[in-house]
Amino acid sequence: MIIDIPENSDFSIHNIPFGIFSTKDRSPRAGVAIGDHILDLVAVHRLGAFDFEVSVLERDDLNDFIALGKKMTSKVRTDIQKWLQDDSSILAGKQNLFVRQSEAQMHMPVCVGDYTDFYSSIEHATNVGKMFRDPENALLPNWKHIPVGYHGRASSIIPSGEPIYRPKGQTIPKDAKQPIFGPTQRLDFELEMGFVVGKNTEMGNAVSTNDAEDHIFGLVLFNDWSARDIQKWEYVPLGPFLAKNFASSISPWIVTLEALEPFKVEGPKQEPKVLPYLEYEGKKNYDINLEVGISPKNEKETTVCHSNFKYMYWNMAQQLAHHTVNGCNMHVGDMMASGTISGKEENSFGSMLELAWMGTKPIQMNDGSERKFIQDGDTVTMRGYAQKGDIRVGFGEVTTKVLPAK
């Protein structure tokens, strides 16, 4: 192996995820994570390694690289895998090609033109329905027929490490007839996965479930921040607005669908039967272990959630097929988020709203404090990895500190 890879690294030889990094002496550019290092793809290109223009790697986002198409991007990934395992390859003896992750600054991996958030975990939707509506009829009539979603705000998607400010807005106090304005008192995380669109489509065209994977470049961890009290007041009749558009945080490395191929699993049985355009063949869910930790200011982290992407009722192929069935056009770099990922067990719920059950069951922190929702000074960290035997493919983490409202 050209470079040492620590045991149980998220960034094994089986992974080779893509991202944008910079250092003190390297401008923002494309790289891949390998162990504790980053392979500088611009530097590799200068060795004559790739059959495309270097300019697509010198940008501060991966959009043009992704737009080369999977035939090319997949070849880059598999070539790197071969070179890393060949002591006589083009990478051999060239330490200047590698940068320590600890010495690099990570950036947004793509320029997100449009962002859509889905609501595709049946456990999460059921829990929310129980809390806010009729416990006996928790799911709305359309939920098992369409992958419910809404258009979010692309401009406020930020990379791991960038802090957020507590958002402000209107809320309605209990038993009050008039709203008040101020910082949210119910700031929450939502544990999600996001996928990056890898192909442009034209208006009027639809993407089938059979073709969807060819239109998905890869996945990131996605923390879809939420202000629950603002949302409760504003979401009827048109859905989330200020409660969701203030920030969403993503992990900086895009893990390709090719890297996740070994971890495909069957999804939950869908009843009633879906309409023909949502039918699919084969395994479309992915066995990806997920966890969330909260670190109070200057205190150690407490793990509050263990979940898994395989729980999703609606899969990514169905989400993309539904999104485009009306002729909606897609662009390279568009982001689609899964919706909160909750399992059946209480410790697998993917939000504080569920974990603390709307504040009635506070979560104990290791420092002796408790949390109903996220407090100022807290840092929320999400991690994810897939493992099958000796094959491990991980996402690293998305971590965000909450600052007081401005």
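Is glutamate 279 buried, partly exposed or exposed, going by its relative accessibility? Glutamate 279 counts as partly exposed, at 34% relative accessibility. Keep in mind for every view below that this is a predicted model.

**View 1. Lysine 273 and glutamate 279 pair up in a salt bridge.**
The closest N and O atoms of lysine 273 and glutamate 279 sit 3.6 Å apart. Lysine 273 is exposed, because its relative accessible area is 68% and the cut-off for exposed is over 50%. Its partner, glutamate 279, comes in at 34% and so counts as partly exposed.

**View 2. Glutamate 346 meets lysine 361 through their side chains.**
This is another salt bridge, with an N to O distance of 3.7 Å. Glutamate 346 belongs to the loop between strand 22 (335-337) and helix 9 (352-355), while lysine 361 belongs to the loop between helix 9 and strand 23 (363-364). The pair therefore ties together parts of the chain that are 15 residues apart in sequence. As for cover, lysine 361 is partly exposed, with 42% relative accessibility.

**View 3. Aspartate 10 and arginine 392 form a salt bridge between distant parts of the chain.**
Here the closest N and O atoms are 3.0 Å apart. Aspartate 10 is in the segment before strand 1 (18-23), and arginine 392 is in strand 26 (residues 391-403), which puts the two 382 residues apart. Aspartate 10 is buried at 14% relative accessible area, and arginine 392 is buried too, at 15%. Both get that label because buried means under 20%.

**View 4. Five charged side chains are linked in a salt-bridge network.**
The members to pick out are Asp188, Glu190, Asp224, Arg228 and Lys244. For the wider picture, the model's count of salt bridges comes to 25.

**View 5. The largest pocket holds about 710 Å³ of space.**
Its lining takes in 30 residues, and Tyr119, Val128, Gln231, Tyr235 and Pro240 lie nearest the centre. Strand 6 (115-118), helix 5 (122-132), strand 7 (149-151) and helix 6 (228-234) are the elements that each give two or more residues to this lining. Helix 5 gives the most, with 4 residues. Sorted by class, the lining of the largest pocket has 16 nonpolar, 7 polar and 7 charged residues.

**View 6. Tyr235 joins Phe132 and Val236 in a nonpolar surface patch.**
The patch made by these three residues covers about 260 Å². Tyrosine 235 is found in the loop between helix 6 and strand 16 (248-250). At 32% relative accessibility, tyrosine 235 counts as partly exposed. You've met Tyr235 already: it is one of the residues nearest the centre of the largest pocket.

**View 7. The second largest pocket has about 370 Å³ of space.**
Look for Ile172, Pro173, Lys174, Arg186 and Asp229, which lie nearest the centre among the 13 residues lining this pocket. Strand 11 (180-183) and helix 6 are the elements giving two or more residues to the lining. This time helix 6 gives the most, with 3 residues. The lining of the second largest pocket divides into 6 nonpolar, 2 polar and 5 charged residues. Helix 6 is also among the elements that line the largest pocket.

Conventions: Residues are numbered from 1 along each chain as its sequence is written. This is a predicted model: local features need pLDDT of at least 70, side-chain atom pairs count only at pLDDT 80 or more; totals for chains, interfaces and linings use all residues. Side-chain values use heavy atoms; hydrogens and water are left out. On a 1 Å grid over the protein atoms alone, a cavity is a set of points where a 1.4 Å probe fits but cannot get out, and a pocket is an open set with protein on both sides within 12 Å along at least five of seven lines; lining residues have an atom within 4 Å of a point. Grid points are joined across faces, edges and corners, and a volume is the space filled by probe spheres set on the points. Ala, Val, Leu, Ile, Met, Phe, Trp, Tyr, Cys and Pro count as nonpolar, Asp, Glu, Lys and Arg as charged, and the others, Gly among them, as polar. Patches are made of residues with over 30% relative accessible area and no salt bridge: like charges are joined within 9 Å, nonpolar side chains (Val, Leu, Ile, Met, Phe, Trp, Tyr) within 5 Å. Accessible areas come from the Shrake-Rupley method with a 1.4 Å probe; for residues, only the protein chains shown count as cover. A salt bridge is a side-chain nitrogen of Lys or Arg within 4 Å of a carboxyl oxygen of Asp or Glu. Buried means under 20% relative accessible area, exposed over 50%, partly exposed in between (1.4 Å probe, protein chains only).
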